[in-house]
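The request below asks for a close look at one part of a model. Please have the sequence and the coordinates at hand.

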Amino acid sequence: MSVEYDPCPTAAREARAEIRRKLEEWGLVGGENLTDHAVDLLDVAELLVSELVTNAVLHAASPFRFTLWAAHGVLRCEVTDTGRRTPRVRCAGVAESGRGMFLVDALARRWGCHQDGPGKTVWFELGTCGSDGCGRRQP
C-alpha cells in the first residue's frame, strides 16, 4: 500500500487512519485479534508513523509518500520525501520538539534511512506476532 500526501497539518492524522485501516484489513488487529500484542502493535505503529510523517511535513515541506506492507511477521512503514537531511536520534531531554526519532529508535524492531533519488526514505519495522522475539528489537 502506498499513498501520496501533501505537507499539511492533517497528514499525520490521515496516515494514522490509513495504518489502522490496513492493519484491520490485513487481520493484524481488530475483530478476533484483540490480544495485548495486537493493541500494542496498533498503538506503536500509529505513534511512529505520526513521527515520520510529522518530520516529512516539517523538514521536507513537499509532497511525500507513505508506504506500508506486512509479510513474514514484519510490518514495515516507509516515508519518502524530497528532503536530503537524514534524521538524528536526540536525547529525550526537556526540549519541546526533536524527540520523534528517539521514540522510533526506542520502539521499532529496526529502523533506517537511505537516499532515494532526489530525497530520502525513512523506515521502521515492527513485529506482527506475539511469539518470543517477534517484534522485539534486534541488535
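What follows is one question and one connected answer.

Q: Please look closely at the salt bridges of this model. Which residues are linked in a network of salt bridges, and which strands hold R76 and E125?

A: The model is predicted, not experimental. R76, E78, R110 and E125 form the network of salt bridges. R76 belongs to strand β3, residues 74-81, and E125 to strand β5, residues 119-127.

The setting comes first. The protein has 139 residues, and 40% of them count as buried. Its secondary structure consists of 3 helices and 5 strands, which follow one another from the N terminus in the order β-α-α-β-β-α-β-β. The strands make an open sheet with the order β1-β2-β3-β5-β4 and antiparallel pairing. β1 and β4 are the edge strands and have a single partner each, so one side of each has no neighbour in the sheet. From one strand to the next, the twist averages 15 degrees. As a general point, strands in a sheet pair through backbone hydrogen bonds, and the pairing can be parallel or antiparallel.

In that strand order, β5 stands between β3 and β4. It runs antiparallel to β3, with 8 bridges joining the two. It is also antiparallel to strand β4 (residues 110-116), and here the number of bridges is 7. The cover on β5 can be stated by count: 9 of its 9 residues are buried. One of the pairs across β3 and β5 is T80 opposite T121. Another residue that faces β5 is R76, which stands opposite E125. R110 also stands opposite E125. E125 thus has R76 as an opposite residue and R110 as another.

The side chains can now be placed on this frame. E125 and R76 form a salt bridge in which the closest N and O atoms are 2.9 Å apart. E125 lies in β5 and R76 in β3, so the pair ties together parts that are 49 residues apart in sequence. R76 also meets E78 in a salt bridge, at 2.8 Å from N to O. R76 therefore has two listed acidic partners, E125 and E78. R110 joins R76, E78 and E125 in the network.

Are these charged groups buried or exposed? E125 is buried, at a relative accessible area of 7%. R76 is buried too, at 12%, and E78 counts as buried at 17%. The cut-off is needed here: buried means under 20% relative accessible area, so the value of 17% for E78 falls within that class.

A pair elsewhere in the sheet serves as a reference. The search of the whole structure gives 8 salt bridges, among them the one between E4 and R65, with 3.9 Å from N to O. E4 is in strand β1 (residues 2-5) and R65 in strand β2 (residues 64-71), so this pair ties together parts 61 residues apart in sequence. Its distance has to be read against the limit of 4 Å for a salt bridge, because 3.9 Å lies within that limit. E4 is exposed, with a relative accessible area of 54%, whereas R65 is partly exposed at 30%. E4 is in an edge strand, since β1 is at an edge of the sheet.

A few remaining features complete the surroundings. β4 and β5 form a hairpin with 2 residues between the strands, and in it G117 takes a positive phi near 65 degrees. Helix α1 (residues 11-25) lies across β1, β2 and β3 and runs at about 20 degrees to β2. The structure holds 0 disulfides. C77 is buried at a relative accessible area of 0%, while C113 is partly exposed at 28%.

Two totals describe the whole chain. Of the contacts with a separation of 6 or more, 62% are between residues 24 or more positions apart. The exposed area of the protein is about 7700 Å², with 52% of it supplied by carbon and sulfur atoms.

Methods:
Residues are numbered from 1 along each chain as its sequence is written. This is a predicted model: local features need pLDDT of at least 70, side-chain atom pairs count only at pLDDT 80 or more; totals for chains, interfaces and linings use all residues. Side-chain values use heavy atoms; hydrogens and water are left out. A salt bridge is a side-chain nitrogen of Lys or Arg within 4 Å of a carboxyl oxygen of Asp or Glu. Helices (H or I, at least four residues) and strands (E, at least two) are DSSP runs, numbered from the N terminus. Buried means under 20% relative accessible area, exposed over 50%, partly exposed in between (1.4 Å probe, protein chains only). Contact means heavy atoms within 4.5 Å. Accessible areas come from the Shrake-Rupley method with a 1.4 Å probe; for residues, only the protein chains shown count as cover. Two strands pair if DSSP finds at least two bridges between them. Axes are lines fitted to C-alpha atoms, for helices over the stretch in contact, and angles run from 0 to 180 degrees between N-to-C directions. A disulfide is a pair of cysteine sulfur atoms within 2.5 Å.
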